[in-house]
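Thanks for taking a look at this one with me. Below are some notes to help you find your way around; keep the structure open as you read.

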Amino acid sequence: MDREQFSDWIALYERLWRTEGTDLLGELFSEAIVYSNGPFEEPVQGLEALAKFWEAERVSADEHFEITSEIVAVEGATGVARLEVRYSPPDGNLYRDLWIVQVGADGRCIRFEEWPFWPKLSTEAG
C-alpha cells in the first residue's frame, strides 16, 4: 500500500459510513476482518459481525460531521493515520483518533485498530 491508496481507503471508509446499510462493507474489509475500536476493547471478528457493530455504532447514515485525516506513515501493507471528527450541533462533539490499518493483497482491510480520544467536556472543567 502507498499513501495514495491509503488516502483512498480512508475516503471509502468515510463514504461507506455515510451510506445507509452495510452491503458495501466487503469493498473495504475482508471476510476475516479483525476490527478493534479501542486499545482495550475486544475486537470484532468477521465481516458479518462488523456489519452489526457498524450499524450499532453510528446514529444513522445521515449523521452530520466533518472528518479530516493526516497520514502519518505507510510501510508495506500497514498505514497509520490521525483523524479528527467534528460533529455538528446539537452535540457538537469533537474527537481525535489514530487508525492502524493493515490491508491484504486485494487492498481490503484485514486488521483495523482504532485509538480514539475524546477531550473532557467543558461542563466537566472547572
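1. A word on the source first: this is a predicted model. Please keep that in mind through the points below.

2. Start with the sheet. It is open and has six strands, and reading across it gives the order β2-β1-β6-β5-β4-β3. The pairing is mixed. At the edges you will find β2, residues 44-45, and β3, residues 65-75, each with a pairing partner on one side only.

3. Next, look at how β1 and β6 meet. Strand β1 covers residues 29-36 and strand β6 covers residues 109-117; the two run parallel and are joined by four bridges. To find the place by eye, look for Val34, which stands opposite Arg111 in β6.

4. On the other side of β6 in the strand order comes β5. Here the two strands run antiparallel, with eight bridges between them. Val101 is a handy marker, since it faces Phe112 of β6 across the pair. β5 and β6 make a hairpin with five residues between them, and in its turn Gly107 has a positive phi of about 85°.

5. β5 also pairs with β4, again antiparallel, and this time nine bridges join the strands. One of the matched positions is Thr78, whose bridge partner in β5 is Gln102.

6. Which residues of β5 are on its covered face, and which on its uncovered one? The covered face holds Tyr95, Asp97, Trp99, Val101 and Val103. The uncovered face holds Leu94, Arg96, Leu98, Ile100 and Gln102. The two residues picked out above therefore fall on opposite faces: Val101 on the covered one, Gln102 on the uncovered one.

7. Now add the helices. Helix α1, residues 3-17, lies across β1, β3, β4, β5 and β6, and runs at about 150° to β3. Helix α2, residues 47-57, lies across β1 and β2, at about 55° to β1.

8. Finally, a look at a loop residue: is Gly38 buried or exposed? Gly38 sits in the loop between β1 and β2. Its relative accessibility is 5%, and buried means under 20%, so Gly38 counts as buried. Leaving aside residues up to four places away in sequence, Gly38 touches Glu114 and Pro116. Gly38 and Glu114 are 76 residues apart in sequence, yet their C-alpha atoms are 5.3 Å apart in space.

Terms used: Residues are numbered from 1 along each chain as its sequence is written. This is a predicted model: local features need pLDDT of at least 70, side-chain atom pairs count only at pLDDT 80 or more; totals for chains, interfaces and linings use all residues. Side-chain values use heavy atoms; hydrogens and water are left out. Two strands pair if DSSP finds at least two bridges between them. Contact means heavy atoms within 4.5 Å. Axes are lines fitted to C-alpha atoms, for helices over the stretch in contact, and angles run from 0 to 180 degrees between N-to-C directions. Buried means under 20% relative accessible area, exposed over 50%, partly exposed in between (1.4 Å probe, protein chains only).
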